[in-house]
Amino acid sequence: MKLHFSIPLSEDLLEKFGGRYVLYSVYLEGFLFCKVRYSQLHQWNEQLRRVFGRGVPSFPPKFYLAMTKPMADERRAQLEQYLQNVSSDPSVTNSDVFISFFRKLQLDTFKIQTQQAFLDVYLADGRHLRVNIQTSDTAERVLEVLSYKIELSRELLGYFSLFLIQDHSDGELSVLKKLAEFELPYVSLQSVKESPCKIAVRKWYMNPSLDKMLMDCRTAANLLYTQALQEMEKKWITPTAGQMQKLQIQEKAPDKIKFLELIQEVRHYGYMQLDPCPCDYPEVGCTAAVHVGNNEISCCIKLPSNQIKEVNFKINRVRCWQVTFLGSLSGQGLDQVLELRFEYNDSDTWRWIVLNTKQAFLLSSCLKKMIMEQLSTTKSDQEMIELPEPGKAKKQSIQVSQIFHSGFMPRKRLLGRPNEDDCVFEKIREEDL
């Protein structure tokens, strides 16, 4: 699937010895990732073509005349689309030519030299492990070093990932983003050093029943156990009185495996919790506490009348979604105004539902992850989504062709349902995953 690359900003700068050039700010998952010139991307595209041939997406053409503002905006949009397209091929994103290019850009953008450093990686219980790394090490490499340190089986690394976490003064925390495998955790942390952020290791799957795949590994079970305790402590999950009593007995025993088996029954266990955010369902002016997991977006919605409404949006009824940038950026990605809107089959009627959340890209990643997990068990990769005929209910399931779109989009294009140019809905094929 495509990564959440976007280029919402660019700067017109002077060369050292005269002339001008444009520097593009590339964001990944809503956070400043690097800054790059057109010429650098053009040279990189040539490298990619030498390695991968004609499979590389077409690159935006050069302009030989002075660029007008509309031309500059068009090029910025084309470069953004190019990065999204080229990153959809895992053979490209896993290649040395891809990783080395973005490694250098990240280091250069934040003026960090390659050298030995210590990185604190936090566990869910608040403890941290100090790992000896290179500042140029990718998230994949850091996770490997961490797994060796804590004796986590390499076969289980795919069930975990590194995340950027923000601490709040009231003791709460927010999961801001999942780090891409080629992202440099040391650099990402430096890019938000003005805010209380940290790197943490957490499980990365949306189906809680997958816990059973990790139970035979003591370290993996410990990681799941501490994260489950954190979810209870932060009240991200609320066991019933009966469930709490049983869990406390196993916690005191302690029997971690039995505890993890029991907590499977608790509502929202293993879901990704988002910060409360405004939403327009069932009406404008509502606020939602959002949990994402187990093939649904579960919302506890506070209506303008202060009534509470529980709504579960099933992933198999979501036709598409998009992330939109609505406000100015600080350069860090921590105070931007984002929205995620998804088209949902509500009582046989398709409607757009909007969540205004700074964690919109994280939510989008969770939706993609849920689809990927379902596709991994699907038996067909050719069926198309069929919309129910008017007046007829149709039971839906995730199909390989379920569609999505995400990226920064200007506010003026959101006055109604996005048109065909705004939502370049793409079919998800198994080879895209």
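This is a short tour of the structure above, stop by stop, with something to select at each one. Keep in mind that the model is predicted.

**The whole chain**

Start with a cartoon view of the full protein. You should find ten helices and 18 strands. Next, colour the 433 residues by accessibility: 52% of them are buried. If you like contact maps, take the contacts with a separation of 6 or more; 58% of these join residues 24 or more positions apart.

**An aromatic cluster**

Now show the rings of Phe, Tyr and Trp. There are 22 aromatic pairs in the model. To see one of them in detail, select Phe-342 and Tyr-344: their planes stand at 90° and their ring centres are 6.1 Å apart, so this pair is edge-to-face. Are these two residues buried or exposed? Both Phe-342 and Tyr-344 are buried.

For a wider view, select Phe-5, Phe-33, Tyr-38, Trp-44, Phe-59, Tyr-82, Phe-98, Phe-101, Phe-102 and Phe-182, which ring pairs link into a cluster. Stay with Tyr-38, a member of that cluster, and add Arg-75 to the selection. The charged end of Arg-75 sits over the Tyr-38 ring, at 3.7 Å from the ring centre.

**Another arginine over a ring**

Move on to Trp-350 and show Arg-319 with it. Here Arg-319 lies over the face of Trp-350, and the distance to the ring centre is 4.2 Å.

**A strand residue**

Select strand β14, residues 318–325, and pick out Thr-324 within it. Thr-324 has 0% relative accessibility and therefore counts as buried. Then add Leu-338 and draw a C-alpha to C-alpha distance: Thr-324 and Leu-338 are 5.7 Å apart in space, with their positions 14 residues apart in sequence.

**Two packed helices**

For the last stop, select helix α8 (residues 241–252) and helix α9 (residues 256–263). Two packed helices are described by the angle between their axes and by the distance between those axes. For α8 and α9 the angle is about 165° and the axes are 8 Å apart. That angle makes α8 roughly antiparallel to α9. Which hand does the crossing have? The crossing of α8 and α9 is left-handed.

To look at the contact itself, show these side chains:

- from α8, Lys-246, Leu-247, Gln-250 and Glu-251;
- from α9, Lys-258, Phe-259, Leu-262 and Ile-263.

Technical notes
Residues numbered from 1 in each chain as written. Predicted model: local features only at pLDDT ≥ 70, side-chain atom pairs only at ≥ 80, totals over all residues. Heavy atoms only, no water. Phe/Tyr/Trp six-rings, centres within 6.5 Å; stacked < 30°, edge-to-face > 60°. Buried < 20%, exposed > 50% of the residue type's maximum accessible area, 1.4 Å probe, protein only. Lys NZ or Arg CZ within 6 Å of the ring centre and 35° of its normal. Axes fitted to C-alpha atoms, helices over the stretch in contact; angles between N-to-C directions. Helix = DSSP H or I, 4+ residues; strand = E, 2+ residues; numbered from the N terminus. Parallel < 35°, antiparallel > 145°, perpendicular 65-115°, else oblique. Left-handed = near helix turned anticlockwise from the far one by under 90°. Contact = heavy atoms within 4.5 Å.
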